[in-house]
Amino acid sequence: MARGDVAAAIATATELLRLSEDHGIIQHRHNALTFLGWALAQLGETAEGIARLEEALEIRNQLGARLAETRALGYMGEAMLAARRYTDGLDYAGRALQIASEMGEQWLVARLHQLRGELLRHTAGSGGRAAETSLKEAGAKGWELRAATSLARLWFDRGRRDDARELLTPIYGWFTEGFDMPDLQQAKALLDAVS
């Protein structure tokens with residue numbers, strides 16, 4: 001998922017789902033549905049993706065499991081973003097951030113702030129300040145390109161082309177390979193637009 005390779009995620013999740021059903025391993029079913037739901041939503045099949053994620057969250061509730069709950073809630077937030085259900089997405093991102101804080105799970109916090117900022121960017125009446133704050137909080141190296149691209153897009157939408165270019169250019173310049181990855185392609189397209 002971090003690579004944004006939707007086809008690989010669907011193939012792997014489908015196989016994991018089959019194996020979980022063959023062997024009756026409910027935890028693996030939960031994982032498969034989580035990844036499959038995320039991938040389907042990224043493909044634009046948002047209703048089906050959200051349904052799979054809801055099923056995964058229901059399994060999680062039945063198990064009483066909290067491990068990686070932030071990931072499942074974050075993926076639901078991403079599915080809501082894809083479905084343009086921004087307020088619902090903000091609820092999921094907020095819950096994920098709260099649980100991450102309670103459980104001391106820091107590995108996804110930067111990504112969750114980036115997601116929250118992206119959702120706020122689309123929410124009427126929220127203003128750009130809250131989106132900008134969230135996107136600035138998403139500064140971990142692994143997610144910095146995504147966060148910078150989102151913040152640069154917000155600034156570009158507001159006519160701040162120079163600020164967008166100055167933010168994104170050095171971060172994009174860190175990369176020497178992987179230019180076929182979706183994150184780098186999106187950053188490059190935005191850089192082309194602001195240049």
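**Note on helix packing and aromatic pairs**

1. Helices α4 and α6 are roughly parallel to each other, because angles under 35 degrees count as such and their axes cross at roughly 25°. The model is predicted. The axes of α4 (residues 69-82) and α6 (residues 109-122) come within 10 Å. The crossing is left-handed.

2. Which residues make the contact between α4 and α6? On the α4 side they are T70, G74, G77, E78 and L81. From α6 come R111, L112, L115, E118, L119 and H122. By class, the α4 contact with α6 holds four nonpolar, four polar and three charged residues.

3. Helix α4 also takes part in aromatic pairing, through Y75. The count of aromatic pairs comes to three. One of them joins W38 and Y75. Their ring centres lie 5.8 Å apart, with 40° between the planes. That pair is tilted.

4. What does the W38–Y75 pair tie together? W38 sits in helix α2 (residues 26-42) and Y75 in α4, so the pair links parts that are 37 residues apart in sequence.

5. Are W38 and Y75 buried or exposed? W38 has 4% relative accessibility, so it counts as buried. Y75 stands at 11% relative accessibility, so Y75 counts as buried too. The cut-off for buried is under 20%.

6. The W38–Y75 pair belongs with a further ring. F35, W38 and Y75 form one aromatic cluster.

Methods
Residues are numbered from 1 along each chain as its sequence is written. This is a predicted model: local features need pLDDT of at least 70, side-chain atom pairs count only at pLDDT 80 or more; totals for chains, interfaces and linings use all residues. Side-chain values use heavy atoms; hydrogens and water are left out. Rings of Phe, Tyr and Trp (its six-membered ring) pair if their centres lie within 6.5 Å; planes under 30 degrees apart count as stacked, over 60 as edge-to-face and the rest as tilted. Helices (H or I, at least four residues) and strands (E, at least two) are DSSP runs, numbered from the N terminus. Buried means under 20% relative accessible area, exposed over 50%, partly exposed in between (1.4 Å probe, protein chains only). Axes are lines fitted to C-alpha atoms, for helices over the stretch in contact, and angles run from 0 to 180 degrees between N-to-C directions. Angles under 35 degrees count as roughly parallel, over 145 as roughly antiparallel, 65 to 115 as roughly perpendicular and the rest as oblique. A crossing is left-handed if the near helix is turned anticlockwise from the far one by less than a right angle, and right-handed if clockwise. Contact means heavy atoms within 4.5 Å. Ala, Val, Leu, Ile, Met, Phe, Trp, Tyr, Cys and Pro count as nonpolar, Asp, Glu, Lys and Arg as charged, and the others, Gly among them, as polar.
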